[in-house]
Amino acid sequence: MVRLIKMTPQNTEASVIIGNLTSKPFSISSGVHQGDPLSATLLNLIFESVIKKLSLREDISLKLKQIVAYADDVALLARSPKALKEIFHKLQNGATLVGPNINEDKTKYMQIKRTGTKGVTHLKIYNFAFENVENLNYLGSILNADNETNIEIAERIVKGNKTYKANAKLIKLKFLKRNTKMKIHKTIIRPVVTFSSETWTLTAKDENNLRIF
């Protein structure tokens with residue numbers, strides 16, 4: 001398998017098309033690229049092997065620490081800074097053995113407390129200093145330190161309005177039947193607003209804003 005993977009990008013050439021013109025072929029020697037199916041497959045295999053060894057896939061309500069991962073977007077959950085540092089150490093040690101590096105600039109720290117989180121400083125681990133944030137966008141959803149959903153819902157409505165405007169000409173076509181327009185709404189526009197809605201705890205104001213949309 002290793003030999004086959006190494007052979008895949010060997011002797012690879014590409015050309016650039018601009019209008020009706022095609023450039024001369026040039027060789028590609030930098031290996032796999034972002035968006036390459038092989039790149040995604042290898043990344044998933046690597047992270048799966050690292051995360052399985054950590055054995056932290058149970059619910060956070062049952063354990064002090066947990067790891068959640070989708071491709072290279074990894075979230076570490078813990079009930080205390082000490083537990084968070086422990087899981088970070090394990091992840092970093094496991095990742096170092098197989099290659100991936102932790103991006104300090106893209107990694108954020110968020111603390112959630114019932115009594116508020118004002119004055120929380122950055123999290124320091126080893127030589128890393130992770131920025132403390134009040135809001136965090138993870139996999140398209142906005143999480144916040146106060147554990148409220150109104151910010152996420154407001155953002156979803158903004159994106160829903162943009163999606164509507166992008167399809168406004170199509171929806172306003174007179175020869176399209178009402179049923180067809182409703183299908184456009186239900187399959188293209190509404191899912192943008194209701195994305196991750198299964199996790200929402202709605203207030204009366206949130207419900208009213210969604211109804212207005």
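This is a short guided tour of the structure, stop by stop, for use with your viewer. Keep in mind along the way that the model is predicted.

**Stop 1: a hairpin**

Start by selecting residues 65–70, which make up strand 5, together with residues 73–78, which make up strand 6. These two strands run antiparallel to each other and are joined over 6 bridges. In general, strands of a sheet pair through backbone hydrogen bonds, either parallel or antiparallel. Show the backbone here and look across from one strand to the other: valine 68 sits opposite alanine 75 of strand 6, and tyrosine 70 faces aspartate 73 of that strand. Now move to the turn. The two strands form a hairpin with 2 residues between them, and in this turn alanine 71 has a positive phi of about 55 degrees.

**Stop 2: a small set of strands and the helix across it**

Next, select strand 7 (108–109) and strand 8 (123–125), then add strand 9 (residues 128–132). Together they form an open sheet of 3 strands in the order 7-9-8, and the pairing is mixed. Strands 7 and 8 are the edge strands, each pairing on one side only. Strand 7 pairs with strand 9 in the parallel sense, over 2 bridges. To find one of the partners, click on tyrosine 109 and look for asparagine 132 in strand 9.

Now bring in helix 3, residues 81–98. Helix 3 lies across strands 7, 8 and 9, and its direction makes an angle of about 45 degrees with strand 8.

**Stop 3: two helices side by side**

Select helix 4 (residues 150–166) and helix 7 (residues 204–212). How far apart are their axes, and at what angle do the helices pack? The axes are 11 Å apart and the angle is about 5 degrees. Helix 4 is therefore roughly parallel to helix 7. Show the side chains where they meet: Asn150, Ile153 and Ile157 come from helix 4, while Asp206, Asn209 and Leu210 come from helix 7. Sorted by class, this contact has 3 nonpolar, 2 polar and 1 charged residues.

Stay with helix 4 and pick arginine 156. Is this residue buried or exposed? Arginine 156 counts as buried because its relative accessible area is 6%, under the 20% cut-off. Beyond its neighbours within four places in sequence, arginine 156 is in contact with Gly140, Val192, Val193, Phe195 and Trp200.

Then go to glutamate 207, in helix 7. With a relative accessible area of 33%, glutamate 207 is partly exposed. For a view across the model, select isoleucine 18 too: the C-alpha atoms of these two residues are separated by 50 Å, and the residues are 189 apart along the chain.

**Stop 4: a bent helix**

Finish with helix 6, residues 178–194. Place your cursor on lysine 186, where helix 6 bends by about 35 degrees. Ile184, Ile189 and Val193 of this helix are buried; Val193 is also among the contacts of arginine 156 that you visited earlier. What covers the buried residues of helix 6? The cover includes helix 4, helix 5 (168–171) and helix 7, so leave those helices switched on as you look around. Just after helix 6, look at serine 196, whose phi is positive, near 65 degrees.

Conventions:
Residues are numbered from 1 along each chain as its sequence is written. This is a predicted model: local features need pLDDT of at least 70, side-chain atom pairs count only at pLDDT 80 or more; totals for chains, interfaces and linings use all residues. Side-chain values use heavy atoms; hydrogens and water are left out. Two strands pair if DSSP finds at least two bridges between them. Helices (H or I, at least four residues) and strands (E, at least two) are DSSP runs, numbered from the N terminus. Contact means heavy atoms within 4.5 Å. Axes are lines fitted to C-alpha atoms, for helices over the stretch in contact, and angles run from 0 to 180 degrees between N-to-C directions. Angles under 35 degrees count as roughly parallel, over 145 as roughly antiparallel, 65 to 115 as roughly perpendicular and the rest as oblique. Ala, Val, Leu, Ile, Met, Phe, Trp, Tyr, Cys and Pro count as nonpolar, Asp, Glu, Lys and Arg as charged, and the others, Gly among them, as polar. The bend at a residue is the angle between axes fitted to the seven residues ending there and the seven starting there. Buried means under 20% relative accessible area, exposed over 50%, partly exposed in between (1.4 Å probe, protein chains only).
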